[in-house]
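Thank you all for making time this morning. I would like to walk through one structure with you, starting from its charged pairs and ending with helix packing.

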Amino acid sequence: MKAVIKTGPYPGLVYTTVEKPVPKPDEVLIQVKAAAICGTDLGHYRWEGGGFASNYEIQWPLTLGHEFSGVIVEMGSEVKGLHLNQRVSLETHIPCGKCFNCRNDMAHNCMDMGAYGTSCNGSFAEYAIGPANVVFPLPDEISFEEGALLEPGGVAMRAIDEAGVLPGETVVVNGCGPIGLLTVLMLKAGNAGRVIATDLDEYRLNMAERFGAVTINIKEKDPVSEIRNLTSARGGADVVIETSGAAAAYRSIFQFLRREGRLITVGHPAGEVSVNWMKDVNLRGISIKGIFGRRIWRTWSQLTAWMEYGKVNLLDVVTHRYKLSQAEEAFLQATRGAGKILLIPDKEFE
């Protein structure tokens with residue numbers, strides 16, 4: 001079968017022929033119908049010091065990709081509750097099911113967690129293996145392309161959930177990459193009174209503006225002054241959702257917030273971040289919550305219900321579609337201006 005792989009810890013990728021995988025007793029084989037490029041995939045592609053991948057012992061070659069959907073075409077002997085030809089997506093945090101966190105409703109942050117497409121082969125291929133315990137059946141109303149966006153959409157959904165956004169509150173989304181754009185989309189469908197989006201990429205800021213956000217290009221304007229002017233009555237935003245992963249963002253995002261505001265951190269800075277805890281956090285009563293993935297399976301149920309009821313259309317963030325064989329071109333496009341980019345196996349491309 002055809003797949004997009006990395007052959008070692010250096011920049012680049014290869015579209016090549018690899019052996020079709022065979023599922024273990026507790027796994028299913030999924031024919032991939034649609035996949036999406038994530039910031040983690042871009043990090044793997046560039047391989048700048050390993051980034052997120054440095055948390056795991058990667059076995060080379062590695063099939064990239066972890067956001068996808070497809071159809072079950074083969075099942076291991078121990079798999080129950082699933083069936084052949086079932087339409088599915090995948091939770092990409094692979095929990096052990098045995099540790100303290102797994103036994104206490106925190107499997108999304110398992111103490112011995114695997115990461116699909118990093119600690120094991122992923123989904124940029126014609127066929128992909130799925131551990132049965134992280135397979136999510138797709139509702140009939142959700143397309144394969146939408147199914148490929150449930151994983152990143154779930155990150156945005158959980159960030160908003162954890163923020164506890166109340167009716168009429170002002171929320172700043174710092175960073176308009178795909179997860180930031182999904183966050184804007186969902187905030188505008190929910191409780192937020194005003195959504196402010198900050199970034200330095202005009203292409204993505206324009207998308208956020210189309211979704212209903214007030215936008216600030218941080219290359220052209222001081223975001224602290226702009227946000228303070230927009231929120232003068234309350235002294236700052238009620239919530240900031242940080243999705244950029246830029247260490248430099250922490251020099252200013254605390255000043256976006258009013259006293260007793262809430263900061264939700266989604267993006268993963270590559271290095272250490274300096275925070276003045278007395279000035280920025282303690283004296284201002286700021287609450288901070290870090291987000292790592294979706295709650296299994298609460299977030300998935302919340303998001304798919306919203307989609308089924310027509311509250312949000314995740315495909316609004318998709319700007320480009322490429323054949324799997326065009327992966328190199330797709331990854332380059334991600335650096336030139338794009339929202340979410342889908343990769344479709346060549347046989348499925350229309």
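Which side chain meets that of Lys33 in a salt bridge? Before I answer, please keep in mind that we are looking at a predicted model. The partner is Glu348, and the N to O distance of this salt bridge is 3.3 Å. Lys33 belongs to strand β3, residues 27-36, while Glu348 sits in the segment after β18, so this pair ties together parts of the chain that are 315 residues apart in sequence. As for its surroundings, Glu348 has a relative accessibility of 24% and therefore counts as partly exposed.

That pair belongs to a longer list, since a search of the whole structure finds 14 salt bridges. Another of interest is the one between Arg294 and Glu151, where the closest N and O atoms are 3.5 Å apart. Here too distant parts of the chain are linked, with Arg294 in the loop between β16 and α10 and Glu151 in helix α4, 143 residues apart. Both Arg294 and Glu151 are buried.

Arg294 also turns up among the contacts of His108, a residue that touches His93, Met113, Arg158, Phe292, Arg294, Arg295 and Ile296 when residues up to four places away in sequence are not counted. His108 itself is placed in the loop between α2 and β8, and at 5% relative accessibility it counts as buried. Its C-alpha atom is separated by 6.9 Å from that of Pro95, which is 13 residues away along the chain.

Let me turn to a third salt bridge, between Glu169 and Arg258, with an N to O distance of 4.0 Å. Glu169 lies in the loop between α4 and β11, and Arg258 lies in strand β15, so the pair ties together parts that are 89 residues apart in sequence. Glu169 is buried, with a relative accessible area of 7%, and Arg258, at 17% relative accessibility, counts as buried as well. The pair is also part of a network, in which salt bridges that share partners join Glu169, Arg234, Asp238, Arg258 and Arg262.

A brief stop at Val79, which is found in the loop between β5 and β6. Val79 is buried, with a relative accessible area of 11%, and it touches Pro25, Asp26, Glu27, Val28 and Ala132, again leaving out residues up to four places away in sequence. Of these contacts, Ala132 is 53 residues from Val79 in sequence, yet their C-alpha atoms are 6.4 Å apart in space.

Finally, the helices. Two packed helices are described by the angle between their axes and the distance between the axes. For helix α1, residues 39-46, and helix α11, residues 327-334, the angle is about 110 degrees and the axes are 11 Å apart. That angle makes α1 roughly perpendicular to α11. From α1 the contact draws on Asp41, Leu42 and Tyr45, and from α11 on Glu328, Phe331, Leu332 and Ala334; by type, these residues divide into five nonpolar, no polar and two charged.

Where do the buried residues of α11 sit around its axis? The buried residues are Ala327, Ala330, Phe331, Gln333 and Ala334, and they cover an arc of only 155 degrees around the axis, which puts them on the same side of α11. What covers them includes β1, α1, α6, β17 and β18, so I will leave that face of the helix on the screen while we discuss.

Terms used:
Residues numbered from 1 in each chain as written. Predicted model: local features only at pLDDT ≥ 70, side-chain atom pairs only at ≥ 80, totals over all residues. Heavy atoms only, no water. Axes fitted to C-alpha atoms, helices over the stretch in contact; angles between N-to-C directions. Helix = DSSP H or I, 4+ residues; strand = E, 2+ residues; numbered from the N terminus. Parallel < 35°, antiparallel > 145°, perpendicular 65-115°, else oblique. Contact = heavy atoms within 4.5 Å. Nonpolar A, V, L, I, M, F, W, Y, C, P; charged D, E, K, R; others polar. Buried < 20%, exposed > 50% of the residue type's maximum accessible area, 1.4 Å probe, protein only. Arc of directions from axis to C-beta.
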